[in-house]
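Student: I'd like a close look at a single part of this protein. Could you pick one helix and walk me through what surrounds it?

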Amino acid sequence: MNSGQVRSGLIIVDKPQGWTSHDVVGRLRRLAGTRKVGHAGTLDPMATGVLVVGINKATRLLTYIVGTSKTYEATIRLGQSTVTDDAEGEITAETIAAAVTDEDIRSAVKALTGDIQQVPSSVSAIKVGGERSYARVRAGGEVNLPARPVTVSRFEVHDIRREHGGKLRDVDVTVECSSGTYIRALARDLGAALGVGGHLTALRRTSVGPYFEGQASTLDQLAEDLRLLDLNDAARALFPVRELTESEAADLSHGRRIPASGTPAGEDAPVAAFAPDGELIGLLADKGDTAKALLVFAPGNERS
């Protein structure tokens, strides 16, 4: 498909295991014929599932998508700790987890649900002294990251199994959480709370904000048909909506303020503003009696 055919929008990718998020962006740049491609939140190479990718003008929405809640399906192994808190890292400690009961596990999961303070995984992309934390760890250095508040709105146990002759316990879970939550860190902290260590052995992201795995396409499918969620539809799913009059649309397009929308989203919350013909004009936020433009898109959904 050549670049002249590609409009602006989102692609919901089902990321394969072993690919970095950067790998996926590179592949879609080639498929879409444009360099204006970015993603809304990294997935580790080990992980699969929903990766939201923006094409052309839709890359300007990505900063808003990054901050949305996420849902994951994961398997946590109790009885082993690793340097990366997942199966890709070296095992650093082993403890027989045979005595850990299902009730113990569910109780520890409950304690990690809600508003919690979480120390991010040391192999995260957080910068420490200008260097990525994971780079420092992989070079043999030590990293001590401060805890930060995150919200785990759902941490549900589906299955608990004995592995390796009962020495280890595998726990299948669903996690719904705020942006910035590390599922690897939840696995690590669950193991630590039970006194046996833990790490992540499988991870699949099933939703990012309003975008879910039922909308996702594999890279092979996208090579055959570059399924694009139109910019207008993407914004309608992500934000509260304001339908503008012709004069409001004209004013907003020229950077002029218009009356506040008074939407339930509240002051400073972004609202998607649409012209009478259904075209996305931009994002607004109420400020007192007026609405200020956060983003204004040029007319049309073509490349820009």
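Tutor: A charge counts as sitting over a ring if NZ of Lys or CZ of Arg is within 6 Å of the ring centre and within 35 degrees of the ring normal. Keep that handy for helix 7, and bear in mind that this is a predicted model. The charged end of Arg236 sits over the ring of Phe274, 3.9 Å from the ring's centre. Arg236 falls within helix 7, which covers residues 231-238, and strand 17 (271-274) is among the elements that cover the buried residues of this helix.

Let's go to the start of helix 7. There, a side-chain oxygen of Asp230 comes to within 2.9 Å of the backbone nitrogen of Asn232.

Now, which residues of helix 7 are buried? They are Leu231, Asn232, Ala234, Ala235 and Leu238. These residues are on the same side of helix 7, because the arc they cover around the axis is only 165°. The general background is handy here: an α-helix has 3.6 residues a turn, so residues three or four places apart point the same way.

What lies over that buried side? The cover includes strand 1 (9-15), helix 2 (62-66) and strand 13 (211-212). It also includes strand 14 (229-230), strand 17 and strand 18 (280-287).

Helix 2 turns up again just past the end of helix 7. Phe239, in the loop between helix 7 and strand 15 (241-243), pairs with Tyr64 of helix 2, and the two are 175 residues apart, so the pair links distant parts of the chain. A search of the whole structure finds one aromatic pair, and Tyr64 with Phe239 is that pair. The geometry is edge-to-face, with 5.5 Å centre to centre and 80° between the planes.

Are the two partners buried or exposed? Phe239 has a relative accessible area of 8%, so Phe239 is buried. Tyr64 is at 26% relative accessibility and therefore counts as partly exposed.

One more item for comparison with Arg236 and Phe274: Arg60 lies over the face of Phe297, at 5.1 Å from the ring centre.

To pull helix 7 together: Asp230 reaches the backbone of Asn232 at the start, the buried residues share one side of the helix, Arg236 sits over Phe274, and Phe239, in the loop that follows, pairs with Tyr64.

Terms used. Residues are numbered from 1 along each chain as its sequence is written. This is a predicted model: local features need pLDDT of at least 70, side-chain atom pairs count only at pLDDT 80 or more; totals for chains, interfaces and linings use all residues. Side-chain values use heavy atoms; hydrogens and water are left out. Buried means under 20% relative accessible area, exposed over 50%, partly exposed in between (1.4 Å probe, protein chains only). Helices (H or I, at least four residues) and strands (E, at least two) are DSSP runs, numbered from the N terminus. The arc is that of the directions from the helix axis to the C-beta atoms. Contact means heavy atoms within 4.5 Å. A polar contact is a pair of N or O atoms within 3.5 Å; within protein, one must be able to donate a hydrogen and the other to accept it, and residues adjacent in sequence count only if both atoms are side-chain atoms. Rings of Phe, Tyr and Trp (its six-membered ring) pair if their centres lie within 6.5 Å; planes under 30 degrees apart count as stacked, over 60 as edge-to-face and the rest as tilted.
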